[in-house]
Amino acid sequence: MRINNLHNIYKKYIKIKKNILSDVEEYFSTLNGRVLGVQYRYTDKKKEVCQISDDDMVKMILTELPNYDFIFVATDYQPLIDKLSILSNKIKYLPSKRSSNDIGSHFQKNDRVFDNYQKGYEILKEIMILSKCDDFFYSRSNVSLSVLIINNLKFKKIKCINENRLCNS
């Protein structure tokens, strides 16, 4: 099925709650200018889809930095956020629950009240923000597919960062 067909199904059958859309609009309005959205799925997904190294990911983002006013990063991997946030104030991200190791945050237990709801809210908000960016770099995942469907491939530039990579499994 084509992305355009999936986008039409999304528009017809899926309604995002107004409070979430309002939160997304409020956040996105702070990102004035050109925005690159980067979605990097690491943790448990690296067993399914070959990933680039953290250092290569940082280099790729820093190479793109001069072309954008902001780079919005959505990732399940806290060490990437830690590395990027000290390099530039143009790197933006939400204070979402992330993992510091190979175990996905959705598998980790913690003390947050309504944790599953909160994780769902956080990822939906990130998906909606990414779909509003000018360009999109992503690693293959259901999150990136959702972003591509919602945006309907209207990004000026789209790049799969782990396409055609060989796995060492």
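Student: Of the contacts in the chain with a separation of 6 or more, what share comes from residues 24 or more positions apart?

Tutor: That share is 60%. Keep in mind as we go that this is a predicted model.

Student: Which helices and strands should I look for, and how many are there?

Tutor: You will find six helices and five strands. Following the sequence, they come in the order α-α-β-α-β-α-β-α-β-α-β.

Student: How much of the chain is buried?

Tutor: Of its 169 residues, 49% count as buried. As for the surface, the accessible area of the chain is about 9700 Å². Carbon and sulfur atoms make up 52% of that area.

Student: Now the rings. How is a pair of aromatic rings described?

Tutor: Two values do the job: how far apart the centres are, and the angle between the planes. This structure holds four aromatic pairs. Take Tyr27 and Phe72, whose centres are 5.7 Å apart with 65° between the planes, an edge-to-face pair.

Student: Where do Tyr27 and Phe72 lie along the chain?

Tutor: Tyr27 belongs to helix α2 (residues 18-28) and Phe72 to strand β2 (residues 70-75), so their pairing ties together parts that are 45 residues apart in sequence. Both Tyr27 and Phe72 are buried.

Student: And why is the pair of Tyr117 and Tyr121 called stacked?

Tutor: Planes under 30 degrees apart count as stacked. The planes of Tyr117 and Tyr121 are at 15°, with the ring centres 6.5 Å apart, so this pair is stacked. Both residues lie in helix α5 (residues 115-131), and they are four residues apart, about one turn of the helix.

Student: Are these two rings buried or exposed?

Tutor: Here the partners part ways. Tyr117 has a relative accessible area of 54%, so Tyr117 is exposed. Tyr121 has 15% relative accessibility and therefore counts as buried.

Student: Which residues do ring pairs link into a cluster?

Tutor: Look for Phe136, Tyr138 and Phe155, which ring pairs join into a cluster.

Student: Which charged ends sit over a ring?

Tutor: Two examples are worth finding. Lys132 places its charged end over the ring of Phe28, 5.5 Å from the ring centre. Lys159 has its charged end over the ring of Phe137, also 5.5 Å from the centre.

Student: Let's turn to salt bridges. How many does the count come to?

Tutor: The count comes to seven salt bridges. One of them joins Glu25 to Lys132, with the closest N and O atoms 2.8 Å apart. Glu25 is in helix α2 while Lys132 is in the loop between α5 and β4 (135-138), so this bridge links distant parts of the chain, 107 residues apart.

Student: How accessible are Glu25 and Lys132?

Tutor: Glu25 counts as partly exposed at 44% relative accessibility. Lys132 is partly exposed too, with a relative accessible area of 31%. You have met Lys132 already, since its charged end sits over the ring of Phe28.

Student: What does the salt bridge of Lys83 and Asp55 tie together?

Tutor: The two side chains meet at 3.8 Å, N to O. Lys83 is in helix α4 (residues 78-85) and Asp55 in helix α3, so the bridge ties together parts that are 28 residues apart in sequence. Lys83 is partly exposed, with a relative accessible area of 31%, and Asp55 counts as partly exposed at 49%.

Student: Which residues are linked with Lys83 in a network of salt bridges?

Tutor: Asp54 and Asp55 are linked with Lys83 in that network. Asp54 is found in helix α3 (residues 54-64) and counts as buried at 14% relative accessibility. Leaving out residues up to four places away in sequence, Asp54 touches Tyr40, Tyr42, Tyr77, Leu80 and Lys83.

Student: Where are the partners in the salt bridge of Lys156 and Asp134?

Tutor: Both sit in loops. Lys156 is in the loop between α6 (142-151) and β5 (157-160), and Asp134 is in the loop between α5 and β4, so the pair ties together parts that are 22 residues apart in sequence. Their side chains meet at 3.3 Å, N to O, and Lys156 counts as exposed at 64% relative accessibility.

Notes: Residues are numbered from 1 along each chain as its sequence is written. This is a predicted model: local features need pLDDT of at least 70, side-chain atom pairs count only at pLDDT 80 or more; totals for chains, interfaces and linings use all residues. Side-chain values use heavy atoms; hydrogens and water are left out. Helices (H or I, at least four residues) and strands (E, at least two) are DSSP runs, numbered from the N terminus. Buried means under 20% relative accessible area, exposed over 50%, partly exposed in between (1.4 Å probe, protein chains only). Contact means heavy atoms within 4.5 Å. Accessible areas come from the Shrake-Rupley method with a 1.4 Å probe; for residues, only the protein chains shown count as cover. Rings of Phe, Tyr and Trp (its six-membered ring) pair if their centres lie within 6.5 Å; planes under 30 degrees apart count as stacked, over 60 as edge-to-face and the rest as tilted. A charge sits over a ring if NZ of Lys or CZ of Arg is within 6 Å of the ring centre and within 35 degrees of the ring normal. A salt bridge is a side-chain nitrogen of Lys or Arg within 4 Å of a carboxyl oxygen of Asp or Glu.
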